[in-house]
Amino acid sequence: MEMKMFIVVLGLLVGSLMPIGGAASSPDTRGEGNHSSYIKKPFPVLSFDYDHVRLPFEISLWVLLASLMKLGFHLIPRLSSIVPESCLLIVVGLLVGGLIKVVGEVPPTLQSNIFFLYLLPPIILDAGYFLPIRPFTENLGTILMFAVVGTLWNAFFVGSLLYGVCQLEGVDLKHVDLLSCLLFGTIISAVDPVAVLAVFEEIHINELLHILVFGESLLNDAVTVVLYHLFEEYSSVGTITVTDVFLGIVCFLVVSLGGIVVGAIYGILAAFTSRFTSHTRVIEPLFVFVYSYMAYLSAEVFHLSGIMALIACGAVTRPYVEANISHKSHTTIKYFLKMWSSVSDTLIFIFLGVSTVAGPHRWNWTFVIMTVLLSLVARVLGVIGLTFVINKFRIVKLTCKDQFIVAYGGLRGAIAFSLVYLLDPVQFPMRNMFLTAIITVIFFTVFVQGMTIRPLVDLLAVKKKQETKRSINEEIHTQFLDHLLTGIEDICGHYGHHHWKDKLNRFNKKYIKKCLIAGERSKEPQLIAFYHKMEMKQAIELVESGGGSKLPSAMPSTISMQNIQPKKTPQDRALPQLSKSREEEIRKILRTNLQRTRQRLRSYNRHTLVADPFEDGWSDVLIKRKKIIEMEKKISQMNNHLTVPAPPPDSPTVARARLSSDPQVWGTKAVTESIPTIKVDLASPQSPDPVNEFGSKASQPKESKEDGGLMMKAPCPAKEKKEKDKMAYEDDDDKEPQRLTRCLSDPGPAAEEDEDEPFLP
Amino acid sequence: MGASQSGRVPEFQDLADKTGFSIEQMKNLHNRFMYLTQDEDTLRREHLENMTDLALNPIRRQIIEAFFDTRNMGEKEKGCLQEIGFEEFVTVLAFFKPPKPHIAEEERKTIKKEKLRFLFNMHDTDNDGVITLDEYKRVVEELLSSTETIGAETAKAISDAAMLEVASETVGRMGPDEFYEGITFEQFMQILKDIEIETKMSVHFWNLETMHCGK
């Protein structure tokens with residue numbers, strides 16, 4: 001049913017695209033006709049004026065087509081697991097192009113301008129913003145080797161061998177000179193980030209390989225740009241001197257470093273701007289997008305590497321901007337980037353298909369086949385050779401399997417196509433042949449390699465990406481390890497990787513963060529920031545899963561903080577008045593009460609409406625937490641208290657709630673104080689049990705009153721109590737101190753009654 | 001110096017076989033040792049504490065302690081040596097050797113276990129076989145000690161959460177009266193099994209020129 005509807009809609013769409021082509025080509029004389037006649041016509045109630053919306057209308061139709069395609073692929077269940085999306089999109093493009101041609105119109109081609117200025121930047125920005133910095137910098141040497149040396153090797157190998165082939169007798173290609181061949185070699189040797197992303201995202205290989213291939217595809221842009229311009233400039237002249245080569249090397253350094261510098265400057269500007277956006281949260285994402293796009297455009301003005309500028313901008317911006325912007329802006333940025341890059345990606349592949357149908361072709365068997373073969377061979381040889389050298393310097397060596405994946409994952413894509421398209425047909429008469437060859441290579445890599453890489457990955461049992469949840473323990477130990485290794489390196493006197501990273505971090509913390517991050521967050525150490533982030537994430541997960549009864553991470557543990565604290569020997573607890581048996585009684589009663597409470601709590605959580613508690617409420621929560629902590633300090637100083645033992649095991653969330661927010665409850669204070677403390681639970685729906693000092697009333701604990709275990713909970717942002725806390729504190733902020741004293745000295749039924757109301761919906 | 005150098009070569013050979021360094025690396029390490037101790041025979045804590053590079057490291061005390069800890073020399077008991085010789089110096093540094101690329105799975109596991117044991121000993125200062133909450137809290141506090149604006153509560157909150165996580169992951173269900181002593185070595189290995197310790201906890205020892213030997 002869905003499929004049928006989908007096909008109908010698709011047909012309609014394509015059908016509407018064709019008359020557009022027709023309307024485009026036929027001249028429009030309607031306007032002139034109206035002006036020249038003075039005959040009064042009846043007032044046009046309904047008129048058709050397509051021209052002035054033509055361009056945006058067409059663009060929207062193409063975007064709509066692309067998005068519907070994406071939808072459609074996932075409706076067909078088995079198809080998307082066999083064939084990568086990029087292949088399907090190219091096929092659709094071919095079909096659409098074919099349809100348009102059949103109707104007799106000229107199918108549109110992928111204009112290089114549109115590609116480089118509008119379609120490519122979102123994809124690269126998405127990649128750069130979410131670049132995993134740690135694996136990237138750890139493998140930077142390897143990535144650079146592959147990107148620079150590998151691309152150079154590929155270009156020259158393919159270019160020169162093709163030239164040799166062209167010079168052979170019997171092949172009608174004598175007119176292709178060396179420089180043109182080298183130019184062609186350059187264009188075809190660059191691994192394409194769009195294609196790599198499209199295919200690798202679906203196969204989920206491990207982080208190392210992903211970052212190697214992907215990093216290479218990003219960083220080889222500088223090499224490609226320089227070589228392209230070099231060969232293009234001089235192909236008309238016909239010769240290249242040593243000076244030119246030398247200048248080329250200088251140009252390479254300028255292009256790559258210049259691109260990075262431009263990107264970094266814009267990135268810092270963006271970070272700095274975001275420092276002041278606390279009052280206009282709505283436009284925060286805009287700054288990130290606009291600054292990054294301008295970085296790209298600025299780099300392109302000087303013919304620097306726009307891709308590297310964009311990556312640098314995204315990577316530099318992210319840590320500072322994320323500390324400054326609100327949670328919602330962060331989500332917005334993430335989703336917009338993903339959306340744009342996804343649409344771009346789809347459009348690029350569809351247009352590749354359409355352009356294949358449209359573009360002028362000149363098929364030459366030898367040239368094309370040799371190109372395909374040579375590019376494959378060059379890639380494999382390059383990877384093997386480079387890995388051999390690189391492995392001498394790496395701690396984690398690249399195995400044969402890794403090398404195979406790296407070689408096999410070197411896909412070519414739309415960048416190569418657009419670069420050929422940019423060639424001037426007058427200067428390069430063999431441009432059409434190049435075009436055909438490039439398209440063949442692209443099709444080969446995307447279809448053959450793209451489709452087979454997934455079964456090959458499974459066959460070779462390549463390590464897949466581990467979906468590890470970053471736990472706080474890992475974070476602690478990773479940081480510990482970093483410091484440890486830095487220390488060892490210092491002791492050995494070896495200024496290695498860790499030493500410089502540590503220096504950079506320290507510099508970052510001391511100077512840069514102060515400038516670019518607003519307010520207090522600038523001093524927050526990374527561990528705390530991580531901890532807060534983790535708490536937030538857990539809280540959101542909890543809320544999304546509908547309350548506390550069902551946890552997203554199945555943790556059947558019943559361990560609470562009580563288990564972890566060292567057992568106090570009886571001597572430490574000086575219980576002046578209560579006898580042991582009394583204590584036991586109280587303990588048992590409290591325990592049963594608390595269990596009943598918890599069951600009630602759970603059943604209410606599912607339906608409790610959560611007014612968005614995370615809306616910039618973080619700072620409020622922290623302030624409230626501090627207030628509660630101060631109040632607890634006050635209480636603990638009150639001398640006439642009774643200890644109550646810990647309640648029975650909670651669900652881990654409640655337990656974690658308690659421990660994460662109870663600075664005083666479980667701490668060593670309980671040990672040092674000779675007289676234990678009472679704690680009042682403000683957040684429970686029930687009133688605190690009127691257990692008074694010296695146990696006068698303790699002998700008749702009111703069974704009907706379900707107490708909340710007399711635990712004072714400071715607001716825990718992370719757990720099920722959150723909404724209650726918020727409600728509690730909003731209502732009873734001022735009443736808290738009074739309520740405490742009232743409970744301790746004058747418990748009355750009235751106090752219990754009105755406490756019931758606000759909490760129970 | 002020349003005569004004593006050549007006399008040391010057989011010594012180096014033994015140590016090299018024991019720890020897995022090459023002769024070249026041993027020579028470099030020996031030069032470094034001499035530099036640190038200012039040509040004395042034994043290394044004391046003051047020598048390491050006087051290093052300026054180490055001064056900014058938040059966990060420097062634990063790193064220095066690790067060098068003087070007898071548990072890392074192969075003893076079962078914890079003891080604090082006052083001074084160590086070259087052999088102990090190299091033994092500790094051997095924990096940071098990167099594993100050879102093509103080794104058997106068993107050997108890899110052994111190396112991983114040794115390195116994790118080293119880490120565990122750094123945390124477990126009283127050598128009772130478990131990392132208690134206090135010890136863990138001290139670790140977190142030291143990590144955060146490089147910033148001034150850290151409240152004691154946050155450190156406690158973090159270490160509490162971390163301990164709870166370890167307990168939840170490794171032990172599962174516990175009754176209310178049971179007491180979780182601390183992180184045992186097996187649990188430690190379990191929570192850190194996803195971090196590839198054998199490769200992460202490694203330092204390059206091959207680079208000759210970057211060793212500043214003060215010569």
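Leaving out neighbours within four places in sequence, A:Gln403 is in contact (heavy atoms within 4.5 Å) with A:Val383, A:Ile384, A:Thr387 and A:Leu398. This residue, A:Gln403, sits in helix 17 (residues 400-408) of chain A; helices here are DSSP runs of H or I with at least four residues, strands are runs of E with at least two, and both are numbered from the N terminus. A:Gln403 counts as buried, at 16% relative accessibility. Buried stands for under 20% relative accessible area, exposed for over 50%, and partly exposed for values in between, with a 1.4 Å probe and protein chains only.

A word on the ground rules: this is a predicted model, in which local features need pLDDT of at least 70 and side-chain atom pairs count only at pLDDT 80 or more, while totals for chains, interfaces and linings use all residues. Residues are numbered from 1 along each chain as its sequence is written, chains are lettered from A and ligands numbered from 1 in the order in which they are written, and side-chain values use heavy atoms, with hydrogens and water left out.

**Salt bridges**

Let us turn to charged pairs. Side chains of opposite charge can pair when their charged atoms come close. A salt bridge is counted when a side-chain nitrogen of Lys or Arg lies within 4 Å of a carboxyl oxygen of Asp or Glu, and over all chains the count comes to 9. The table lists some of them.

| Salt bridge | Closest N and O atoms |
|---|---|
| A:Arg54 and A:Glu58 | 3.5 Å |
| A:Arg134 and A:Glu138 | 3.5 Å |
| A:Arg134 and A:Asp482 | 3.3 Å |

In the case of A:Asp482 and A:Arg134, the acid belongs to helix 20 (residues 472-492) of chain A and the arginine to helix 7 of chain A, so the pair ties together parts that are 348 residues apart in sequence. A:Asp482 is buried at 19% relative accessibility. Through shared partners, salt bridges join A:Arg134, A:Glu138 and A:Asp482 into one network.

Within that network, A:Glu138 and A:Arg134 are both in helix 7 (residues 133-138) of chain A, 4 residues apart, or about one turn of the helix. A:Glu138 is partly exposed, with a relative accessible area of 37%, and A:Arg134 is partly exposed too, at 34%.

What separates A:Arg54 and A:Glu58 along helix 3 of chain A? About one helical turn, because they are 4 residues apart in that helix (residues 54-75). A:Arg54 is partly exposed, with a relative accessible area of 27%, whereas A:Glu58 counts as buried at 16%.

**Cysteines**

A disulfide is a covalent bond between the sulfur atoms of two cysteines. With a cut-off of 2.5 Å between cysteine sulfur atoms, the count is 0 disulfides over all chains. A:Cys166 is in no disulfide, and the nearest cysteine sulfur, that of A:Cys181, is 4.3 Å away. A:Cys181 likewise is in no disulfide, its nearest cysteine sulfur being that of A:Cys166. A:Cys166 is buried, with a relative accessible area of 0%, and A:Cys181 is buried at 1%.

**Chain B as a whole**

Chain B has 11 helices and 4 strands. Of its 215 residues, 50% are buried. Among contacts in chain B between residues at least 6 apart in sequence, 57% join residues at least 24 apart. Chain B exposes about 10200 Å², with carbon and sulfur atoms supplying 49% of it; accessible areas come from the Shrake-Rupley method with a 1.4 Å probe, and for residues only the protein chains shown count as cover.
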